[in-house]
Amino acid sequence: MNPVTTPAPGRSGAPEPTARRDELRNIAIIAHVDHGKTTLVDAMLWQSGVFRENQEVVERVMDSNDLEREKGITILAKNTAVRYGRYKINIVDTPGHADFGGEVERTLKMVDGVLLLVDASEGPLPQTRFVLKKALELGLPPIVVINKIDRKDARPAEVLDEIYDLFIDLDAHQDQLDFPVIYTIARDGISRLSPDGENHKLKPLFEQIITSIPAPRYDAEAPFQMLVLNLDYSEFVGRLAIGRIVNGRVKARQDVGVIRHDGTLEKTRVTNLYAFEGLERVEVPEAGPGDIVALAGFDVVNIGETITDLERPRALPKVTIDEPTVSMVFQVNNSPFAGQEGKYVTSRNLKERLEREILINVSLRIEPTETPEAFSVSGRGELQMAILIEMMRREGFELAVGKPEVITRTVAGARQEPMERLVIDCPEGFVGVVTQKIGGRKGRMTNMVNHGTGRVRLEFRIPSRGLIGFRSQFLTDTRGTGLLNHLFDGYEAWQGEIPHRITGALVADRAGKVTAYALEGAQSRGEMFVEPGDRVYEGMIVGENTREEDIDVNIVREKKLTNMRASTADEGIHLLPVHRLSLEQALEWIREDELLEVTPATLRLRKRILPANIRPRYWQRND
C-alpha cells in the first residue's frame, strides 16, 4: 500500500490536544535498584483491594520473571492497574538499572507523570539520575517518595536536599521543581506527610497521584492512534501489542492499519482487546484515549510501529533509544563437549533466538560476523548481556561468548570511547585502595563526600573499559562492604591502554576427569575452578595462575600404585575450596583469547584455540 505521510499529532507539531479523561491516571514508578519500588507496588495493590484478605500472594508480585526474583531487580517493564474511588490508576513498574534503559524509555511514553522513589539513607544514585533525566526530558511531572524512613541510618532531610540538587543539575523546569513529597515504609504499607509525622496507610499517596498527575489529554477530532511500546505472547491468541491509546477509540474485531518503520501501511484486524485490572489482563469490548491496552490479531508487529485508523492513518513519532556501548560475540559452542547438555545447539537456533530477542528489546543490536556461526550482539552494558545469556541457557541453549568490548566511534578523525559516571560507597578504611585501583584504570575523581557515618561516597569519571573486570576485584578489596554503581556519561577521547587481568590461566593439557591427587599438586600454583570428578578437555581453563603467564597443567593425573608401602601412604589429600565463578564474574574474567562456554548445566572457561601446540603460533600469526 502507499506510504503514510500524514503528520503525527501532539508533540510532533500539530495543535496540542485539549480533551481530558478525568477518571484515568497513568503513572510510572522509577527508582534505583533495591530502593523498594516493587515492594511499594505490592502495598498499593493490597490497599486498593486487588487481593482478598486471605489470598496467598508472593512478595514482589510484579517481579514475575524467575530471574528477577533471584537477582532482586526489575528487568522487564510491567503494567498493572488499581482502582481508587472513581479513578483508575494505571501503574507501570520500570527497571531501575541503566542497562535496561530501552525498557525505561518506552515505558515513559505510556504515562503522564512519574513517582520517583528514593532510599532515605542512600539518596539518589546514578541509576536514579538516568531514569529521572528521561522523565524530565519528556516534561512529566514528578511525585517524590522517600522510602525506608525506618532505617537506623535514615537521613530524609539531607536526601531531600540531594534530590533538589539532582533536579537542578538535570535542568528541571520550574513546575517540575515544585514537587510534592511523601515519606513511606513500603514494606509495611505506611506513608507519612513528614518524616516524623503520623502514620497513615497509602491514602495520602493515592490522593497525591490524583491531584498531581494530570489526566490523559487527547484530540477529540483525531482518528485512532496507538504506539506499540511493548510486546507479549499468549498461547491462546498469539502475539500481543501493548501500548497507550493516544487518540480515538478501538473496538474488538475492528479493522485497523499498522504503519511500519518504513512508512508503509498494512491492514489487519483486532481479534481481542485487553485492558489491565490489578495483575490480570481483562478482555473489554472497547477502549479509548489514555487507556493502556493489549491488542491481539497481528502476525507481525514491532515495537515503535503505529496502529491507527484504516481510513485516516496517522503515524506517531518513533521511539528513540540511546545507542549501545558494549558488544560481545555470541557463537555456536564448538568445544569437545558440544551438544551434550543443551537442547538448541546450531547456528540456526542461535540466530532465530537473537532475532526474536530484538523484536522485544529495542536497545539490542544484532550484526553478522565473518563466520555464519557467530553474531555480534551490542547492548547497554555487561549486566544486560549477562541477563540475556542466562535467559538463553535456561531455555536450553548452548553457546560460547567472548569478552565484552566497548564500542568506540570516530569524530573529526579522533577516536572516542564511552565514559561512565562511577559512584562508590565504602568504609573510610578502603578509600586508599579503591582510589589506587581506579587510578590505574584511567578513572578521575570528581567528588568525595563523607557523611560522618563511617562510610564515604566517591564519584569518578572512568572509561567504560575500565569497569570490565573491576566489580569482583572491588568486592575483594572492600571485603564485600563496598557498593558500586555506574551510569553512561557520554564520550571522550581514547584514554590509552588499560591493563585487564594481571594473572594468567591454568589450562588443562589433556581430556579426562579431574582427580584429587592432580588437583592437590596444581592448587599451589593458584586458585582452582574445578573439583574432583569434573570432566575437562584440552584447552579448558581449570584455574587462575598467581603469575601473569598461562600454564598448561595435567589435572587428570592419577597416583601410580606400587607394591611398596611408604610411611606416609595413608596421609589424606588436602584440597582448598574451589572458586566457582558466576556468569557475571566469568564475563569479567576472560581475556580476548578466551571464551565462556555456556550450557543449561555448566559454565566453562576455555581458550579460543584449544590445542596447546597450535595456540602460540596462531596468536603470533594474528598479532
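A residue counts as buried when its relative accessible area is under 20%, as exposed when over 50%, and as partly exposed in between. Keep that in hand for the exercises below, which work on a predicted model.

**Exercise 1. Find what share of the protein's residues is buried, and describe the overall make-up.**

Solution. Start with the count: the protein has 623 residues, and 54% of them are buried. Next, look at the surface, where the accessible area comes to about 28,700 Å² and carbon and sulfur atoms own 48% of it. Then take the secondary structure, which consists of 15 helices and 37 strands. Finally, turn to contacts: among those with a separation of 6 or more, 73% join residues 24 or more positions apart.

**Exercise 2. Classify the ring pair of Tyr164 and Phe179, and say which parts of the chain it ties together.**

Solution. The structure holds six aromatic pairs, and Tyr164 with Phe179 is one of them. Their centres are 4.7 Å apart and their planes meet at 25°. Planes under 30 degrees apart count as stacked, so this pair is stacked. Now place the partners: Tyr164 belongs to helix α5 (residues 156–169), while Phe179 sits in the loop between α6 (174–177) and β7 (181–185), so the pair ties together parts 15 residues apart in sequence. As for burial, Tyr164 has a relative accessible area of 30% and is partly exposed, whereas Phe179, at 6%, is buried. One last step brings in Phe167, which ring pairs link with Tyr164 and Phe179 into a cluster.

**Exercise 3. Do the same for Phe337 and Tyr537.**

Solution. Here the ring centres lie 5.0 Å apart, with the planes at 85°. Angles over 60 degrees count as edge-to-face, so that is the label for this pair. On the chain, Phe337 is in the loop between β20 (326–331) and α8 (347–360), and Tyr537 is in the loop between β33 (535–536) and β34 (540–545); the pair therefore ties together parts 200 residues apart in sequence. Check both against the burial cut-off: Phe337 is buried at 9%, and Tyr537 is buried at 1%.

**Exercise 4. Which arginine lies over the face of Phe337, and which over the face of Tyr491?**

Solution. Stay with Phe337 to begin: Arg535 lies over its face, 4.2 Å from the ring centre. Then move to Tyr491, whose face has Arg409 over it at 3.9 Å from the ring centre. Putting the steps together, Phe337 has an edge-to-face partner in Tyr537 and Arg535 over its ring face.

Definitions and conventions:
Residues are numbered from 1 along each chain as its sequence is written. This is a predicted model: local features need pLDDT of at least 70, side-chain atom pairs count only at pLDDT 80 or more; totals for chains, interfaces and linings use all residues. Side-chain values use heavy atoms; hydrogens and water are left out. Helices (H or I, at least four residues) and strands (E, at least two) are DSSP runs, numbered from the N terminus. Buried means under 20% relative accessible area, exposed over 50%, partly exposed in between (1.4 Å probe, protein chains only). Contact means heavy atoms within 4.5 Å. Accessible areas come from the Shrake-Rupley method with a 1.4 Å probe; for residues, only the protein chains shown count as cover. Rings of Phe, Tyr and Trp (its six-membered ring) pair if their centres lie within 6.5 Å; planes under 30 degrees apart count as stacked, over 60 as edge-to-face and the rest as tilted. A charge sits over a ring if NZ of Lys or CZ of Arg is within 6 Å of the ring centre and within 35 degrees of the ring normal.
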